[in-house]
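Work through the exercises below with the sequence and the 3D view open. Try each task before reading its solution.

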Amino acid sequence: MLDFNQRIVLITGAARGIGLAYARALGARGAHVIVHDAGTDGDEVGRDPDVAAAAAATLQDAGYSAEPASDVIETREGCRELVARILARHGRLDSVIHNAGWVGYQAIDTLTPDFLARATAIHLNAPAWLVQAAWPAMVAQGHGRILLTTSDRALYPQYAQAGLAAYAATKMAAVGLMNALALEGAPHDIRVNAISPVAKTRMWGVTEQPTELTPDSIAPGAVFLVSDACTDSGWILRASNGQFHAVRASEAADVDYPRDIRGVVADSAASLAARWAEVAPVRPEYRAAG
């Protein structure tokens, strides 16, 4: 069930770092990998199709099946063209891994529309339009695996950073997209999950080969989530330093939503203030001993 022979996998942001680690791991298991990468420079601007071409060639030299792509995926039309070309060439598309991302810092008092739109385009628009383009083929073949990317910087208040409002907001949007798609895909064996990876890459300003927090150490998480062995949907897999922990919001037992959420009863703001410690208890998440 971890055999990807005859499986076609599209990975965005796949020419370097985490995406390339995913591509290597899936190629080693027999997948044909579409290595998509815009080929941006160190400041995450510009486009260079040679970057994806070079990464695909490296995979081919290692004996893996791969091809490059550098289409614009921030638009609906660009995603449609990319997926249509894949389907015309291979007849199917089994998995979409949206790994491409962008980190930029602007404090909220200086946040500009263009800055927020850029984060939205790559973190929300791109996966939504890619999935929309691939969805009919996945429904027709009765199989699909979709893996979105979120971030601990969005999920956990203690890891938030000043200036990352656009990044965190759009990475959290990917979680909402995952939840909705997981429901829509269930009748068609389309499983939709998210990964929250941590690795030392170019986005961290790391250019040399890291000795810890390596991209290769988190790749098994992506491989599993897009494999036939994964039959769950709607999970966020935290992946860091060869360790994995899945999380998702789970409702309490016996809730009758929305009339009875089994909450603390308060009939005024004053009573709510008085009982706030009950409403918002601070408890560490349960974690089994490793």
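The exercises below deal with a predicted model.

**Exercise 1. The nonpolar cores**

Task: Find how many residues the largest nonpolar core has, and which of them have the most contacts inside it.

Solution.
Step 1. The largest nonpolar core has 37 residues.
Step 2. Leu10, Leu93, Leu130 and Ile146 have the most contacts inside this core.
Step 3. Next, look at where the core residues come from. At least two residues each are supplied by strands E1 (8-12), E5 (144-149) and E6 (190-198), and by helices H3 (76-90), H4 (113-141) and H6 (165-185).
Step 4. Of these, H4 gives the most, with ten residues.
Step 5. Another core, of 32 residues, lies apart from this one; Leu26, Leu59, Ala66 and Ala219 are among its members.

**Exercise 2. Two residues of the N-terminal part**

Task: List what Leu10 touches, leaving out residues up to four places away in sequence, and decide whether Thr12 is buried or exposed.

Solution.
Step 1. Leu10 touches Ile34, His36, Leu82, Ile86, Leu93, Ser95, Val96, Ile97 and Leu130.
Step 2. Thr12 is found in strand E1.
Step 3. The relative accessible area of Thr12 is 0%, so Thr12 is buried, the cut-off being under 20%.
Step 4. With the same sequence neighbours left out, Thr12 touches His36, Ile73, Ile97, His98, Asn99, Ala100 and Leu130.
Step 5. The side chain of Thr12 also reaches the backbone nitrogen of Ala100, at 3.0 Å.

**Exercise 3. Arg76**

Task: Describe the surroundings of Arg76, beginning with the element in which Arg76 is found.

Solution.
Step 1. Arg76 is found in helix H3.
Step 2. Its relative accessible area is 35%, so Arg76 is partly exposed; this class lies between the cut-offs of 20% and 50%.
Step 3. Not counting residues up to four places away in sequence, Arg76 touches Trp129 and Gln132.
Step 4. With Gln132 there is a polar contact, side chain to side chain, at 2.9 Å.
Step 5. For a distance in space, take Asp3: Arg76 and Asp3 are 73 residues apart in sequence, and their C-alpha atoms are 31 Å apart.

**Exercise 4. Cysteines**

Task: State how many disulfides a search of the whole structure finds, and whether Cys79 and Cys230 are buried or exposed.

Solution.
Step 1. A disulfide is a covalent bond between the sulfur atoms of two cysteines.
Step 2. The search of the whole structure finds zero disulfides.
Step 3. Cys79 has 0% relative accessibility and therefore counts as buried.
Step 4. Cys230, at 2% relative accessibility, also counts as buried.

Note on methods: Residues are numbered from 1 along each chain as its sequence is written. This is a predicted model: local features need pLDDT of at least 70, side-chain atom pairs count only at pLDDT 80 or more; totals for chains, interfaces and linings use all residues. Side-chain values use heavy atoms; hydrogens and water are left out. A nonpolar core is a set of buried Ala, Val, Leu, Ile, Met, Phe, Trp, Tyr and Cys residues joined through side-chain atoms within 4.5 Å. Buried means under 20% relative accessible area, exposed over 50%, partly exposed in between (1.4 Å probe, protein chains only). Helices (H or I, at least four residues) and strands (E, at least two) are DSSP runs, numbered from the N terminus. Contact means heavy atoms within 4.5 Å. A disulfide is a pair of cysteine sulfur atoms within 2.5 Å. A polar contact is a pair of N or O atoms within 3.5 Å; within protein, one must be able to donate a hydrogen and the other to accept it, and residues adjacent in sequence count only if both atoms are side-chain atoms.
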